[in-house]
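Q: Please take one part of this structure and look at it closely. Then show how that part sits among the rest.

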Amino acid sequence: MKHMQTIQKPCIKAGKNTACGECQASCQSACKTSCTVANQKCAKEEK
Amino acid sequence: MIHSFKFQQHNVLLDVESGAIHELDDAAFAVVQAIERGNDPFSAGVAEETVREVLADIEELKESGAYASETPVAPEIAGGSAIKSMCLHVAHDCNLRCRYCFAATGDFHGALMLMPFAVGKRALDFLMERSGSRKHLEVDLFGGEPLMNWDVCKQLVAYGRELEKQYDKEIHFTITTNCVALDDEKIDFINREMHNVVISLDGRKEIHDALRPTVNGKGSFDIILANAKKLVAGRGEKEYYIRGTFTRENLDFLEDVKALTDYGFQQISIEPVVLAEDSPYSLLPEHLERIDREYDALAAHYIESRKSSDTWFNFFHFMFDPDGGPCLRKRINGCGAGTEYVAVTPDGDIYPCHQFVGMEDWKLGSLDGPELRSDIQASFLGCNVCTKDTCKDCWAKYYCSGGCMANAVLYGGALDHPHEISCHLMRKRIECAVGIYLSER
């Protein structure tokens, strides 16, 4: 490609090994008022 | 869906449905912006041959699923929905009188009350029984101010440790505190038992004292700073956040972030206040341009500071790790209020989250009652970024996950109508976070 550089390949995980439900509830981490998930870790990745 | 934006010298393109990120030269950025706005790419002011090259690049990205990709389908959560996270309101009372407090300075518009151990014990039993196959559970000791019911906090942690063995689960206890009532014994206990500590401190002394006075109207900054420093010094590698709030009184909140780092803190979360428009502290549409500039300035300061270990710090809303981030189901479901996450009051009432406490129409039930209200739970289950009109076409949906549902009800008018000012700020922070990620690569 001449004009575009891919920095991050597709990364939203939607396969059969996802949705384990073990990750932290987002509101419990720091904010308690706003919901953000982009800054959360996948519980499996963290291990 | 795509979203393109500028961050400092970077021209950034997000492919929303796949999470792919591309950096563009100026010509490609002009062409992509034209396409995004529904205009003819050949009208973007770029040489025709260059436009053709950019269009060829786009075709290449499309073939690899990294441009305007299809909406993926998320699997349902393994084992079905279960309650895994609990906000325990151990004290509906507080030793501060914060002017922007969502909890009516601690009593949540009800009676001042401390949670008896028996109620907390039943709440933890309830969590165990309702958590299904989930191994990892979270319990936040919350208030009001939880240190005002310290003995019960300790008893509940001890009981939780028994339950972990009995049920083969792990409880991450956390505490959200203003630190006023801390002493050495509490610090030792917190640093031993709490997975995370959220410390309320707003930044500069004059800002903090103006908005977070004690019950007798004096400033709380000096005692909180001294106690917070002591607490954080003893945490080692364990998590903590200094959690401040900014209002229209300190739209220059970068100065508060700088103050917090000058005090020696490295884990910082400064949140925009969310209040009714007629509050003297609320953020209004006319403040947004100023706040956007402040986030840009904070981002620039952040990038510079993180180049040296002496000045390095972490800002909660700028954390972004595309490879290690959550799966699609998590991004769609969001905070889990009312389904995965509940709040329990000192007298055992159960609400979808701490922000709903006191809103009787949203009360899910009671620890004494047989079942939670399935109609309310169904409302939350059916409300996500794929179903909300205002979210499904928003480029930020998989980063934000739909925003705070309590704020939607209180200030957006309905569960499925997010608070627009919060949406704007969320989008701005995400652009900064992605831009910072590019800058730090």
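The answer below begins with one strand and works outward from there.

A: The model is predicted, not determined by experiment. Confidence in chain B is given by an average pLDDT of 95, and 100% of its residues score at least 70. For the complex, the predictor reports an ipTM of 0.90 and a pTM of 0.95.

The part to look at is strand β9 of chain B, residues 196–200. Is this strand enclosed or open to the outside? Of its 5 residues, 5 are buried, so β9(B) is largely enclosed by the rest of the structure. The two faces can be taken in turn. One side carries B:N196, B:V198 and B:S200, the other carries B:V197 and B:I199, and the residues on both sides are buried.

Next come the neighbours of the strand in its sheet. Strands of a sheet pair through backbone hydrogen bonds, in a parallel or an antiparallel way. Strand β8 of chain B, residues 170–177, is joined to β9(B) by 4 bridges, and the two run parallel. Two positions show how they line up: B:T174 has B:N196 as its bridge partner, while B:I175 stands opposite B:V197.

This pair belongs to an open sheet of 10 strands in chain B, with mixed pairing. Reading across, the order is β12-β11-β10-β9-β8-β7-β4-β13-β14-β15, which puts β9 between β10 and β8. Which strands stand at the edges of this sheet? They are β12 (314–315) and β15 (365–366) of chain B; each has a single partner strand, so one side of each is left without a neighbour in the sheet.

One residue of β9(B) also leads into the interior. In soluble globular proteins, nonpolar side chains tend to be buried together. Here the largest nonpolar core has 141 residues, and B:I199 is among those with the most contacts inside it, along with B:L88 and B:M405. Helix α15 of chain B gives the most to this core, 9 residues. A second core, separate from it, has 5 residues, including B:L96, B:C98, B:I207 and B:L211.

B:M405 is worth following, as it links the core to a helix. Apart from neighbours within four places in sequence, B:M405 is in contact with B:C335, B:A337, B:F380, B:C383 and B:L415. B:M405 is also one of the buried residues of α14(B), a list that includes B:A406, B:N407, B:A408, B:V409 and B:G412 as well. With 6 of its 8 residues buried, helix α14 (residues 405–412) of chain B is, like the strand, largely enclosed by the rest of the structure, and the buried count is why. Those buried residues pack against α11 (374–381) and α15 (420–440) of chain B. Just after the helix, B:G413 takes a positive phi of about 100°.

For a reference point away from the strand, take B:W395. B:N196, in the strand, and B:W395 are 199 residues apart in sequence, and their C-alpha atoms are 31 Å apart in space. B:W395 lies in the loop between α12 (389–392) and α13 (397–400) of chain B. B:W395 counts as buried because it has 20 C-beta neighbours inside 10 Å. Leaving out residues up to four places away in sequence, it touches B:M1, B:H3, B:L14 and B:V16.

On the scale of the whole chain, the domain assignment divides chain B into domain 1 (2–72), domain 2 (85–318) and domain 3 (382–434). The C-alpha centres of domain 1 and domain 2 of chain B lie 41 Å apart.

The other chain completes the picture. Chain A has 47 residues, of which 62% count as buried, and it contains 1 helix and 1 strand. In the complex, 41 residues of chain A are in contact with 76 residues of chain B. On the side of chain A that touches chain B, β1(A) gives the largest share, 5 residues. That side divides into 19 nonpolar, 14 polar and 8 charged residues. Pairing between strands also crosses from one chain to the other: β1(A) is joined by 4 bridges to strand β3 (residues 20–24) of chain B, and these two run antiparallel. Within that pairing, A:Q5 has B:E23 as its bridge partner.

Conventions
Residues numbered from 1 in each chain as written. Chains lettered and ligands numbered in written order. Predicted model: local features only at pLDDT ≥ 70, side-chain atom pairs only at ≥ 80, totals over all residues. Buried ≥ 20, exposed ≤ 12 C-beta atoms within 10 Å, placed from the backbone. Contact = placed C-beta atoms within 7 Å. pLDDT = per-residue confidence, 0-100. Nonpolar A, V, L, I, M, F, W, Y, C, P; charged D, E, K, R; others polar. Pairing = 2+ DSSP bridges. Domains from an automatic or database assignment. Core = buried A, V, L, I, M, F, W, Y, C linked by C-beta atoms within 7 Å.
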